[in-house]
Amino acid sequence: MRHGSFQWMKSMNKSIILNKIRKDGPISRAQIARETNLTPPTVSSNVKELLEQKIVEERDIGESQGGRKPTMLVINDQAFCIIGVDAGPKNIQCIVSDLAGKILKRSEIKLELPVDNTQFIDALKKGISMCLDGIPKSENEVIGIGIAMHGVVDVEKGMSLYAPNLGLSDIPIKEELEKAFGLEVKVENDARAMALGEFWFGNHGDVKSMLAVNIGRGVGAGLIIDGKLYHGSSDIAGEIGHMTIDLHGEICECGNRGCLQTFVTGPAIARKVKAQANPLTAETIYELAVGGNEDYASILAESGRAMGIGLTNLIHIINPEKIVLGGGVSKAEKFLLPAIRETIEKSALTASASRTRVEVTKLGDDATLIGAITLLLVDVFELA
C-alpha cells in the first residue's frame with residue numbers, strides 16, 4: 001500500500017469506531033454507538049466505508065435484544081499485511097504479519113561485520129525483499145514496514161542516530177527504504193518497539209502503564225503511559241542500561257562506571273566467569289546452572305539482584321503497573337526473577353510499590369518483531 005493511502009482512516013470518528021471493533025469485536029453497530037456516544041447514522045456511514053475498504057467485515061449474527069438479530073462486526077485480519085524488522089547487531093530478522101500479529105513468513109540476513117551505513121541499508125533491503133517476494137500481488141496488500149533498531153533513533157526522521165553495537169551513526173533508514181519500496185516506513189528503538197508489541201499482544205489485561213525491558217547485549221526499556229509510548233524530549237527515554245548502580249563499579253562502554261548493563265547483559269555475565277579463567281557464554285552459564293552448578297547459579301542470581309536495584313529505581317520514578325522482561329538474558333528467569341522480586345520487595349518504599357508485577361514476556365524471541373509490526377498498527381488503528 002503506497003505511502004499515505006491510509007489517510008482515509010484518519011478521521012477521528014473512523015479511528016474511534018475501528019479501534020472499538022479491534023478491542024471489543026465481534027460487536028454490533030448499535031453497541032458501538034452506545035459505548036462511543038456516536039450517533040447511529042455516524043456509526044453506520046463510517047462502518048459502510050470500512051466494509052468497502054475490507055478492513056472490517058460482518059460475521060456471526062448476535063443475540064436479539066427483542067427485535068431483529070444484529071449483524072456483528074470484526075476486523076478482517078487477513079485483509080492487509082505488514083513487514084516487521086528486528087535490526088540486531090549480528091543479523092536482520094524480517095517477518096510478514098497479518099493485522100492480528102500472526103506471522104505469515106520469515107527471513108533472516110546475517111550481517112558480515114564490520115559494516116558501513118550503505119552495507120547495513122543494503123542488508124535491510126535484501127531481508128525485506130525476501131519477505132515481499134512471497135506475498136501474492138493480488139492479496140494481502142502491504143500497509144508498510146516497521147523497523148525496530150537498537151541504539152538511539154530519531155523517530156520523526158526515521159534515522160538511526162547512533163547504533164553502538166555496530167559502531168554506526170546517522171543511518172537514513174526511513175528515507176532509503178521508502179525510496180526503495182514505496183511503502184510507509186516507521187523506525188523505532190528496539191526496546192520501545194518491544195514495549196508497544198507487549199502492550200498490544202502480550203495479554204496483559206487492562207493496564208494503563210507498563211515498562212518493558214529488553215536484556216541482551218545491552219539493556220533498553222520502553223515505557224507505556226496511558227496506552228501511549230513515551231519517547232522523552234529528545235528520543236532517549238528508556239536508555240536504562242546506563243543507569244548507575246555502583247559508583248565504583250566496572251567501566252561501561254559509555255565511559256561511566258557501574259552502569260546497569262555492566263551487571264546484567266549477556267557479555268557482562270560471561271565476563272564474571274572469564275575472570276575465573278573459564279571462557280563461557282552467558283547461554284552456557286545458564287545451561288550449567290540449570291544442570292546444578294551452584295557457582296553459576298549464584299552469578300545469575302547476582303545479576304538478578306542488580307536488575308532488581310535498577311527496577312526499584314524505576315518503580316520509584318515512574319511507578320508502572322507492570323514490568324515485562326524480554327531479550328536473551330530473560331530466558332534465565334529461573335534464577336533472575338526470584339532475585340529481582342526479592343530485591344524489589346526489600347527495597348521499594350511502600351508495600352504497594354513492592355508488589356509491582358514483574359514477569360517475562362510470553363512473546364518469546366518474537367517480542368521485538370511483533371513490536372515492529374505494531375508500529376504500523378498504531379498508525380492504522382489509533383487516533384490520528
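# Exercises on a predicted model

In helix α5, the residues Ile173, Lys174, Leu177 and Phe181 are buried. This is a predicted model, and the exercises below work through parts of it one at a time.

## Exercise 1: helix α5

Determine how the buried residues of α5 are arranged around its axis, and which elements they pack against.

Solution. Begin with the view down the axis of α5: the buried residues fall within an arc of 85°, so they line one face of the helix. Next, identify the partners of these buried residues, which pack against α4 (117-132), β7 (141-149), β9 (159-163), β10 (168-171) and β11 (184-189). Then look at the residue that follows α5, which is Gly182, with a positive phi near 65°. Finally, consider the confidence: among the elements of the protein chain, α5 (residues 173-181) has the highest mean pLDDT, 96, whereas strand β2 (residues 56-61) has the lowest, 82.

## Exercise 2: confidence along the chain

Find the mean pLDDT of the protein chain, and decide how residues 1-10 should be treated.

Solution. The mean pLDDT of the protein chain is 88, and 92% of its residues reach 70 or more. Over residues 1-10, however, pLDDT stays under 50, although the model has 28 contacts beyond four places in sequence for this stretch. Where pLDDT is low, the predicted coordinates should not be read in detail.

## Exercise 3: the nonpolar cores

Describe the largest nonpolar core, and state which helix gives the largest share of it.

Solution. The largest nonpolar core has 39 residues, and those with the most contacts inside it are Val213, Ile240, Met307, Leu311 and Leu325. Its largest share, nine residues, comes from helix α10 (residues 294-318). To see one of these residues in its surroundings, take Ile240 and leave aside its neighbours within four places in sequence: Ile240 is then in contact with Val213, Val219, Gly220, Ala221, Leu260, Met307 and Leu314. A second, separate core has 37 residues, and Ile27, Leu38, Val56 and Ile373 are included in it.

## Exercise 4: strands β1 and β3

Establish how β1 is joined to β3, and how far β3 is covered.

Solution. Strand β1 (residues 27-28) and β3 are joined by two bridges and run antiparallel. Within this pairing, Ile27 has Leu73 of β3 as its bridge partner, and Ile27 also belongs to the second core. Strand β3 (residues 71-75) is mostly covered, since four of its five residues are buried.

## Exercise 5: from helix α1 to the cis peptide bonds

Locate Asn19, classify its exposure, and then find the cis peptide bonds at Pro26 and Pro114.

Solution. Asn19 lies in helix α1 (residues 12-24). Its relative accessible area is 10%, and because buried means under 20%, Asn19 counts as buried. The side chain of Asn19 also makes a polar contact with the side chain of Arg22, at 2.8 Å. Moving on to the loop between α1 and β1, where Pro26 is placed, one finds a cis peptide bond joining Gly25 and Pro26, with omega about 0°. The peptide bond from Leu113 to Pro114 is likewise cis, with omega near -5°, and Pro114 is in the loop between β6 (103-110) and α4.

## Exercise 6: positive phi outside glycine

Compare the location and exposure of Asp235 and Asn319.

Solution. As background, most residues other than glycine have a negative phi, and most peptide bonds are trans. Asp235 nevertheless has a positive phi of about 65°; its place is in the loop between β14 (228-230) and α7 (261-264), and it is buried, with a relative accessible area of 17%. Asn319 has a positive phi near 50° and is found in the loop between α10 and β15 (322-326), but Asn319 is partly exposed, with a relative accessible area of 48%.

## Exercise 7: Arg305 in helix α10

Work out the exposure of Arg305, the residues it touches, and its separation from Asn117.

Solution. Arg305 lies in helix α10 and is partly exposed, with a relative accessible area of 40%. Not counting residues up to four places away in sequence, Arg305 touches Ser298, Ala339 and Thr343. Asn117, by contrast, is 188 residues apart from Arg305 in sequence and 38 Å apart in space, C-alpha to C-alpha.

Methods:
Residues are numbered from 1 along each chain as its sequence is written. This is a predicted model: local features need pLDDT of at least 70, side-chain atom pairs count only at pLDDT 80 or more; totals for chains, interfaces and linings use all residues. Side-chain values use heavy atoms; hydrogens and water are left out. A nonpolar core is a set of buried Ala, Val, Leu, Ile, Met, Phe, Trp, Tyr and Cys residues joined through side-chain atoms within 4.5 Å. Buried means under 20% relative accessible area, exposed over 50%, partly exposed in between (1.4 Å probe, protein chains only). Contact means heavy atoms within 4.5 Å. Two strands pair if DSSP finds at least two bridges between them. A polar contact is a pair of N or O atoms within 3.5 Å; within protein, one must be able to donate a hydrogen and the other to accept it, and residues adjacent in sequence count only if both atoms are side-chain atoms. pLDDT is the predictor's confidence in each residue, from 0 to 100. The arc is that of the directions from the helix axis to the C-beta atoms.
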